[in-house]
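Please look at the sequence and the structure below, and keep both in view while you read. The paragraphs that follow go from the whole chain to single residues.

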Amino acid sequence: MDLLEIGCRIKAARKKEKLTQEMLAELANVSPHYIYEIEQGRKTMSLQTLEQVSSALHLSLDYLFWGDSERTNEITADSMTKADGFDRVIDSLSDSEKAATSRVLGAVMARLEKQ
């Protein structure tokens, strides 16, 4: 995972959506400077911020991480059952952490299925 590549994808998608850094920052509940740092590949994101940025830009996590499948993919119940013991691990997470984790794991699983 290359932070600079992820940042470039975020910047390109933001411009495609005709959003300023300030507008994206508001949608993702972070500061405009943080968006700038992400786009420059200088900062990493929490799962929650990653989910908020990807949702705001209508991007899949596959696309952000690897450049595949630009538009957001829905996570199906079948894809979630493939993660052995997933329910036990997420029981202690908040709802927003569960949603972010679900998207990340779904993207990883989709990528592994392609290989």
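The protein chain exposes about 6,900 Å², an area obtained by the Shrake-Rupley method with a 1.4 Å probe, where for residues only the protein chains shown count as cover. Carbon and sulfur atoms supply 51% of this exposed area. This is a predicted model, in which local features need a pLDDT of at least 70 and side-chain atom pairs count only at pLDDT 80 or more, while totals for chains, interfaces and linings use all residues. Residues are numbered from 1 along each chain as its sequence is written, and side-chain values use heavy atoms, with hydrogens and water left out.

The pLDDT, the predictor's confidence in each residue on a scale from 0 to 100, averages 80 over the protein chain, and 77% of the residues score at least 70. Among the elements, helix 3 has the highest mean pLDDT, 97, whereas helix 6 (residues 77–81) has the lowest, 45. Over residues 70–84 the pLDDT is below 50, although this stretch has 29 contacts in the model beyond near neighbours in sequence. Where pLDDT is low, the predicted coordinates should not be read in detail.

The protein chain holds eight helices and zero strands; both kinds of element are DSSP runs numbered from the N terminus, with helices (H or I) needing at least four residues and strands (E) at least two. Of its 115 residues, 39% count as buried, a word that stands for under 20% relative accessible area, while exposed stands for over 50% and partly exposed for what lies in between (1.4 Å probe, protein chains only). A contact means heavy atoms within 4.5 Å, and of the contacts in the protein chain with a separation of 6 or more, 55% are accounted for by residues 24 or more positions apart.

Which residues of helix 1 are buried? They are Ile-6, Gly-7, Arg-9, Ile-10, Ala-13 and Arg-14. Seen down the axis of helix 1, these buried residues fall within an arc of 160 degrees, so they line one face of the helix; the arc is that of the directions from the helix axis to the C-beta atoms. The buried residues pack against helix 2 (21–28), helix 3 (32–39), helix 4 (47–56) and helix 5 (61–66), whereas the face of helix 1 turned away from its buried side carries the exposed residues Lys-15 and Lys-16. At the N-terminal end, Asp-2 caps helix 1, with a side-chain oxygen 2.8 Å from the backbone nitrogen of Leu-4.

Arg-9, which lies in helix 1, counts as buried because its relative accessibility is 14%. Its side chain has a polar atom 2.9 Å from the backbone oxygen of Leu-64, and the side chain of Arg-9 also reaches the backbone oxygen of Tyr-63 at 3.4 Å. Leaving aside neighbours within four places in sequence, Arg-9 is in contact with Tyr-63, Leu-64, Phe-65, Trp-66 and Gly-67.

A second residue to find is Ala-28, which lies in helix 2 and counts as buried because its relative accessibility is 0%. Not counting residues up to four places away in sequence, Ala-28 touches Gln-52 and Val-53. The C-alpha atoms of Ala-28 and Leu-57 are separated by 9.8 Å, and these two residues are 29 residues apart along the chain.

Definitions and conventions:
A polar contact is a pair of N or O atoms within 3.5 Å; within protein, one must be able to donate a hydrogen and the other to accept it, and residues adjacent in sequence count only if both atoms are side-chain atoms.
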